[in-house]
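Visitor: Please give a close reading of the interior of this model, with the residues and the pairings that go with it. I should like one connected account rather than a list.

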Amino acid sequence: MTCQECGERPATLHFTKIINGEKTETHICEKCAKEKGEVEPGTNHFSIHNLLSGLLNFETPIGESPAQSYYKPEISHCPKCGLTYQQFTKIGRFGCSECYKTFSDKLDPILKKVHGGNTVHSGKIPKRAGAAIEIERKVQNLRSKMKEYIEHEEFEKAAETRDLIRTLEDKSSSEGGE
Amino acid sequence: MSLQHFISEAVSPWMKNEGPDSDIVMSSRVRFARNLKNYVFPILSNREHNLEVIEEVRSQFTDVPDDQVGQLELIEMDDLKPIEKRVLVEKHLISPNLIEHSKNGAVLLSENETVSIMINEEDHFRIQCLVAGFELKKALSLANSLDNWIEEKVDYAFDERKGYLTSCPTNVGTGMRASVMLHLPALVLTQQLNHIIPAINQLGLVVRGSYGEGSEALGNIFQISNQITLGKTEDDIIEDLQGVVRQVIEKERAARRALLDNSRIELEDRIYRALGVLQNSRIIQSKEAAKCLSDVRLGIDLGLVKGLSKSILNELLILTQPGFLQQYAGASLTPTERDIKRATLIRERLELEDQLTKNVEGDEQ
């Protein structure tokens, strides 16, 4: 099989792209592939970031009228790494941990889209940095348990849970006070 | 280099273990993305900062307090030849991104290659644990213990509400991507997979070929992983993934049984033809090799082909990739030379298998 691009060299790279169930095949040689920007297997030439930046551009109105283009979009940038929101929409990635604060007002709609409607972390907490957070979360869990016990009129268990909550809260306040 | 020695170098030690459900699940993987609080993420940082990160790693992170892992070796990308880097990618130990886009990229690799921690990739740390078979929980607990060990010594970028902060918002929260590599020849052959994939996607999971998005599955190998990283606990994510994979495994087994019951002779024909191609071809492209290897592996799993070890598909799929072929040849090869070398390597490997089986039989007598 010869290369579809140059028609000279043998085709050694065979791409099958499936987009919305539609399958297209391309057969090209390595040289043309490099020129075309198609890359070797294992490299994501169309990555999640391209898709993501598509999602991020939702603020730009489609078919912008000439009058609107006089309007200069506000340029907010991260004080720590200097990333602007415009740059972020292009590369789809943040430059530092501070970016999450800088762009926080724009972040939740994006996170909802990407994470099935979720915006708040509920997984692992780092041991050292998160000791206080860990306690706070335990207390919240116990509170909701206590409520359940009360609803089911299991008052003994509810009282036990209340004592547990007190111990935990004492512990966290004494640690905080030191 | 002798073939046997080359193979033992090429195949990660963990791959030789047979994990649970190894007739279908080739490997389970858990990856954590982590960043350092005080440094700009690698995508915007300069070489100087990246070097500081590497030095920090070199001074603190080579002795793991965990017997299953052993020593970690720090390998810097700048010290490797292009072919050596390619080989690490083909073994799934590092990402193509680490080679192409990272400044001062490095990897901490455990001796048995179960653990690889990429440094200065998209995030400062990418902790990856790979285990054989269907063992997501084992991979998770290993990743957790490494994560805890690293966190004892450095400050992670963590936010109470957003979790572990990652460069890409698609990873934020747990920073965890869990995935399972599956060999699904019967679901492909019976065209059921086309119906299963959209259903899996609706559950917040992703199915892709073994080499990432948009790629066709080489050798009928598919990867299923979680898409959502925020708002669910690590255990919940793993359990959801496990539940779905469990069902896919059952469906694949049912399809295999149905093929055996309804079209045994056609199946045998296909499998033995594939074996014939592998044993006799002199020039073979990677796509055809992968297809034949998949057929033969199915034959082994169904007990139709005897005297070949199960690991042959995993092994040869890795060995016959361009990087490995060139490393074996000790030189860079043109595409045609590669196809010839690939055919030779496969034939030699199958002959080696023959000898091994005979030796074992001899020992037993």
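Guide: Read from the N terminus, the elements of chain A follow the order β-β-α-α-α-α-α-α-α, that is, 2 strands and 7 helices. The model is a predicted one. Chain A has 178 residues, of which 33% are buried. Among the contacts of chain A with a separation of 6 or more, 32% join residues 24 or more positions apart.

For the interior itself, the place to begin is the largest nonpolar core, which has 100 residues. The members that touch the most other members are Val30(B), Ile119(B), Ile150(B), Leu182(B), Ile224(B) and Val248(B). The element that gives the most to this core is helix α8 of chain B, residues 234-280, with 14 residues. In general terms, nonpolar side chains tend to be buried together in soluble globular proteins.

Leu182(B) repays a closer look. Residues up to four places away in sequence being set aside, Leu182(B) touches Ile24(B) and Val25(B), then Asn220(B), Ile221(B), Phe222(B) and Ile224(B), and lastly Val245(B), Val248(B) and Ile249(B). Another core, of 20 residues, lies apart from the one just described, and among its members are Cys81(A), Cys96(A), Tyr100(A) and Ala157(B).

Helix α8 of chain B also has a helical partner. Its axis and that of helix α5 of chain B, residues 136-151, come within 10 Å and cross at roughly 160°. An angle over 145 degrees counts as roughly antiparallel, and α5(B) and α8(B) are therefore roughly antiparallel to each other. Their crossing is right-handed. On the α5(B) side the contact is made by Leu136(B), Lys137(B) and Leu140(B), and on the α8(B) side by Glu234(B), Asp235(B), Ile238(B), Glu239(B), Leu241(B) and Gln242(B).

A second packing in chain B pairs helix α3, residues 82-90, with helix α11, residues 322-329; the axes are 8 Å apart and the angle is about 135°. This angle makes α3(B) oblique to α11(B). The crossing of α3(B) and α11(B) is left-handed. Here Ile83(B), Arg86(B), Val87(B) and Glu90(B) of α3(B) meet Pro322(B), Gly323(B), Phe324(B), Gln326(B) and Gln327(B) of α11(B).

What do the charged side chains add to this picture? Over all chains, the count of salt bridges comes to 32. Helix α8 of chain B takes part through Arg264(B) and Glu268(B), which lie 4 residues apart in that helix and are thus separated by about one helical turn. The closest N and O atoms of their salt bridge are 3.1 Å apart. Both residues are partly exposed, Arg264(B) at 43% relative accessibility and Glu268(B) at 24%.

Another salt bridge joins Asp295(B) to Arg270(B), with 3.2 Å from N to O. Asp295(B) belongs to helix α9 of chain B, residues 286-301, and Arg270(B) to helix α8 of chain B, so this pair ties together parts that are 25 residues apart in sequence. The acidic partner, Asp295(B), is buried, with a relative accessible area of 2%, whereas Arg270(B) is partly exposed at 32%. There is also a network in which salt bridges with shared partners join Arg93(A), Glu121(B), Glu122(B), Asp123(B) and Arg126(B).

One further pair, Asp108(A) and Lys162(B), forms a salt bridge at 3.3 Å from N to O. This pair crosses between chains: Asp108(A) is in helix α5 of chain A, residues 104-114, and Lys162(B) is in the loop between β6 (158-159) and β7 (163-164) of chain B. Asp108(A) is partly exposed, with a relative accessible area of 28%, while Lys162(B) is buried at 10%.

The account may close with a cysteine of helix α9 of chain B, namely Cys292(B). Its relative accessible area is 3%, so Cys292(B) is buried, the limit being under 20%. Apart from its neighbours within four places in sequence, Cys292(B) is in contact with Ala274(B), Val277(B) and Leu278(B). Between the C-alpha atoms of Cys292(B) and Leu352(B), residues 60 apart along the chain, the separation is 18 Å.

Note on methods:
Residues numbered from 1 in each chain as written. Chains lettered and ligands numbered in written order. Predicted model: local features only at pLDDT ≥ 70, side-chain atom pairs only at ≥ 80, totals over all residues. Heavy atoms only, no water. Core = buried A, V, L, I, M, F, W, Y, C linked by side-chain atoms within 4.5 Å. Buried < 20%, exposed > 50% of the residue type's maximum accessible area, 1.4 Å probe, protein only. Contact = heavy atoms within 4.5 Å. Salt bridge = Lys/Arg side-chain N within 4 Å of Asp/Glu carboxyl O. Axes fitted to C-alpha atoms, helices over the stretch in contact; angles between N-to-C directions. Parallel < 35°, antiparallel > 145°, perpendicular 65-115°, else oblique. Left-handed = near helix turned anticlockwise from the far one by under 90°.
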